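New notebook page. I wanted to see how the chains go together and how the strands pair up, so I opened the model and started looking things up.

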Number of protein chains: 2
Amino acid sequence: MSQQSRKFSGLWKIVAWDEADFQGQRQEFASECYDIASCGFNNVGSARVESGTWVGFEHPGFQGQQFVLESGSYPSWEAWSGNNAYHVQRMTSFRPISCANHRESKMTIFEQENFLGSKGELSEDCPSLKALGWKSNEVGSLRVHSGAWVCSQFPGYRGFQYVVESDHHGGEYKHFRELGSHAQTFQVQSVRRIHH
Amino acid sequence: MSQQSRKFSGLWKIVAWDEADFQGQRQEFASECYDIASCGFNNVGSARVESGTWVGFEHPGFQGQQFVLESGSYPSWEAWSGNNAYHVQRMTSFRPISCANHRESKMTIFEQENFLGSKGELSEDCPSLKALGWKSNEVGSLRVHSGAWVCSQFPGYRGFQYVVESDHHGGEYKHFRELGSHAQTFQVQSVRRIHH
């Protein structure tokens, strides 16, 4: 099945509530939501992913802080945010991650921006880039050859999350600003594949 | 090399500071620390893991909330805590995870306590137990056959962390209370192996 057909095949389902603990107004989605306000919600207070893997965003239009949402129950903002330091508790848009491809995920990370400096090839989950021999706490740029990945600010998949995909930007992220509007540095200490 | 000899072979190193951002009093450790107060620290404010994988604890004597610490830099409490809801920002004891064994990690999870009900065999990282077909948001009991694992409250390795090891409790955790004094439920939605 091609990525495109999978994207619209009904394999995606997320349920959102406007209050925590699955309370209040409820809405099901089988495809992307550009702005939760269009459903009369002020914010997503809790969510349950029934199928597929999604990415949620702080701001409408897929902007701001990012949250990977795999199958499961998220009773509150604390459940999807990996970041403790930044407490704007909002998730107002989300979309499926259509190119998640666990079996064949491949990515190259570079020490410097524009794909320069020493590099590392990744095809497995890595809770600590340092343990793998990566010298820095940062990644300067990266190229996603296949699949989708989540880069995390701290070891063990904690802190800010940056979703990078082979079918966005042609898989090329040549500067940390291309990771998303919330990226202030390219501090990345752990990286893992995103499953279907 | 046996686990015991590895435990004391100098392959473990963590550096702790009593303030955030690697400031203030500094102390290196090559083995467990029962109570950071014995070094004149009030609390660990930041840490850097140079080698091995460690587990930190909220309270002295390896009690309270648990934090897996893989190689890398942790500039503040936010970097090691996966939990946003519970803001007692303390880490006062820590020890190496001596049985981390990535290649051969195996664990069985059970629906009910005392190893009863339907079960699942795990030998790979799993960011969503639901995606694997696990029906519940909870795990009733579990048996670690080899290696060490971290169970997380929410999908994607977020929320409270519970370290379970083949060389603790004989690898048997028959009730959530055996996971640690901070466990109020056995809510576990993701599970991953701990690397050396």
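Before I start on the strands, a note to self: I count two strands as paired if DSSP finds at least two bridges between them. I should also keep in mind that this is a predicted model.

**Entry 1: strands in chain A.** I looked up β8 of chain A, residues 106-112, and found five bridges joining it to β10, residues 141-146 of chain A. The two strands run antiparallel. Across from A:Ile109 I found A:Leu142 in β10(A). Then I followed β10(A) onward and saw that it also pairs with β13(A), residues 172-173, over two bridges, again in the antiparallel sense. Here A:Leu142 turns up once more, with A:Tyr173 in β13(A) as its bridge partner.

**Entry 2: the sheet in chain B.** Which strands make up the open sheet in chain B, and in what order? I read off four, in the order β9-β8-β10-β13, with antiparallel pairing. The edges are β9 (116-122) and β13 (172-173) of chain B, each of which pairs on one side only. Inside chain B, I looked at β8 (106-112) and β10 (141-146), which are joined by five bridges and run antiparallel. B:Ile109 stands opposite B:Leu142 in β10(B).

**Entry 3: one chain laid on the other.** I superposed the copies: a turn of 180 degrees with a shift of 0.0 Å along the axis lays chain A on chain B, at an RMSD of 0.0 Å. The two copies are thus related as by a two-fold rotation axis. I also checked which surface each copy uses. Of the interface residues of chain A, 100% are also interface residues in chain B, so the copies meet through the same surface.

**Entry 4: the contact itself.** I noted 34 residues from chain A and 34 residues from chain B in the contact. The area buried between the chains comes to about 2,800 Å², with 50% of it given by carbon and sulfur atoms.

How many salt bridges are there between chain A and chain B? I got two. One I wrote down joins the side chains of B:Lys130 and A:Glu50, at 3.3 Å from N to O. For polar contacts between the chains, I noted 16 residue pairs.

On the side of chain A that touches chain B, β3 (46-51), β6 (72-74), α2 (77-80) and β12 (158-165) each supply at least two residues. α2(A) gives the most, with four residues. Sorting that side by class, I have 13 nonpolar, 14 polar and seven charged residues.

How values were computed
Residues numbered from 1 in each chain as written. Chains lettered and ligands numbered in written order. Predicted model: local features only at pLDDT ≥ 70, side-chain atom pairs only at ≥ 80, totals over all residues. Heavy atoms only, no water. Least-squares fit on C-alpha atoms with pLDDT ≥ 70 in both. Contact = heavy atoms within 4.5 Å. Buried area = accessible area lost by both parts, 1.4 Å probe. Salt bridge = Lys/Arg side-chain N within 4 Å of Asp/Glu carboxyl O. Polar contact = N/O pair within 3.5 Å; in protein donor to acceptor, adjacent residues only side chain to side chain. Nonpolar A, V, L, I, M, F, W, Y, C, P; charged D, E, K, R; others polar.
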